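Here is a short briefing on one protein chain. Look at the sequence and the model first, then read the points below.

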Amino acid sequence: MELDKIEKLLEKYFEADTTVAEENQLKDYFSKDDIPENLQQYAPMFRFMGSAKKEGFDQEVVLEPEVKESFKVSYKWMSVAAAVVMMFGLYFGKTYYDEKELEQEQALYAYNETIKALDMLSQNMERGTEKMAYLNEFEEAKEKIYNKN
């Protein structure tokens, strides 16, 4: 009969419907040595609950000292200083990148102007080589004249 009562209490316990008194009955029952084999698996759990209740913390808790007011004030000023440094960094960093961008634009402009100048030089060289073709004809005519005499 007691076994049926314990099994019903276990069912209630696992459904979270037990009272404190019923849980104490389970702890008392499982603290005995003559537990049926089908309930042996629950014994360590209830024995642990009984022994865990007796445990306590006996070490001294050391609390950190309070932060002084002067540190709080300096902390506020450090945050203001950090914000100012960040603003300067953003401003001068942007100026640095603007200078780099301007330098790249100037280099690209110089490159394009050099391309135009070399293209113009190439066109003038082509006109000069066309005129050289007439010199070759003049040389051939001069050769013919000298060879007839």
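The largest nonpolar core of this predicted model has eleven residues in all: I6, L9, L10, Y13, L26, Y29, F30, I35, L39, A43 and F46. Three helices give two or more residues each to this core, namely α1 (2-14), α2 (20-30) and α3 (43-54). Helix α1 gives the most, with four residues.

**Core contacts**

- A43, one of the core residues, touches F30 and I35 when residues up to four places away in sequence are not counted.
- F30 and I35 are also members of the largest nonpolar core.

**The chain as a whole**

- The chain has four helices and zero strands.
- Read from the N terminus, the order of the elements is α-α-α-α.
- The chain has 149 residues, and 9% of them count as buried.
- Among the contacts in the chain with a separation of 6 or more, 38% are between residues 24 or more positions apart.
- About 13900 Å² of the chain is exposed, and carbon and sulfur atoms supply 59% of that area.

**E22 and its surroundings**

- E22 is found in helix α2.
- Is E22 buried or exposed? E22 has a relative accessible area of 18%, so it counts as buried, the cut-off for buried being under 20%.
- Leaving out residues up to four places away in sequence, E22 touches L9, K12 and D17.
- L9, one of these neighbours, belongs to the largest nonpolar core.
- The side chain of E22 also makes a polar contact with the side chain of K12, at 3.0 Å.

**Salt bridges**

- How many salt bridges does the structure hold? The structure holds two.
- One salt bridge is formed by E22 and K12, whose closest N and O atoms are 3.0 Å apart. The pair links distant parts of the chain, with E22 in helix α2 and K12 in helix α1, ten residues apart.
- The partners in this pair can be described by their accessibility: E22 is buried at 18%, whereas K12 is partly exposed, with a relative accessible area of 31%.
- E113 forms a salt bridge with K116, and here the closest N and O atoms are 3.5 Å apart.
- What separates E113 and K116 along their helix? They are three residues apart in helix α4, so about one helical turn lies between them.
- E113 counts as partly exposed at 33% relative accessibility, while K116 counts as exposed at 54%.

**A nonpolar patch on the surface**

- Which residues form a nonpolar patch on the surface? They are W77, V80, V84, F88, Y91 and F92.
- Together, the residues of this patch have about 700 Å² of accessible area.
- V80, a member of the patch, has its place in helix α4, which covers residues 69-148.
- The relative accessibility of V80 is 43%, so this residue counts as partly exposed. The partly exposed class lies between the limit for buried, under 20%, and the limit for exposed, over 50%.

**A backbone angle in a loop**

- Where is A16? A16 lies in the loop between α1 and α2.
- The phi angle of A16 is near 65°, which is a positive value in a residue other than glycine.
- A16 has 66% relative accessibility, so it counts as exposed.

**Points to look for in the model**

- Start with helix α1, which gives four residues to the largest nonpolar core.
- Next, go to the loop between α1 and α2 and find A16 there.
- Then find E22 in helix α2 and its salt bridge with K12.
- Finally, follow helix α4, where V80 has its place and where E113 and K116 are three residues apart.

How values were computed. Residues numbered from 1 in each chain as written. Predicted model: local features only at pLDDT ≥ 70, side-chain atom pairs only at ≥ 80, totals over all residues. Heavy atoms only, no water. Buried < 20%, exposed > 50% of the residue type's maximum accessible area, 1.4 Å probe, protein only. Contact = heavy atoms within 4.5 Å. Areas by Shrake-Rupley, 256 points an atom, 1.4 Å probe, with all protein chains shown as cover. Core = buried A, V, L, I, M, F, W, Y, C linked by side-chain atoms within 4.5 Å. Polar contact = N/O pair within 3.5 Å; in protein donor to acceptor, adjacent residues only side chain to side chain. Patch = residues over 30% accessible without salt bridge, like charges linked within 9 Å, V, L, I, M, F, W, Y side chains within 5 Å. Salt bridge = Lys/Arg side-chain N within 4 Å of Asp/Glu carboxyl O.
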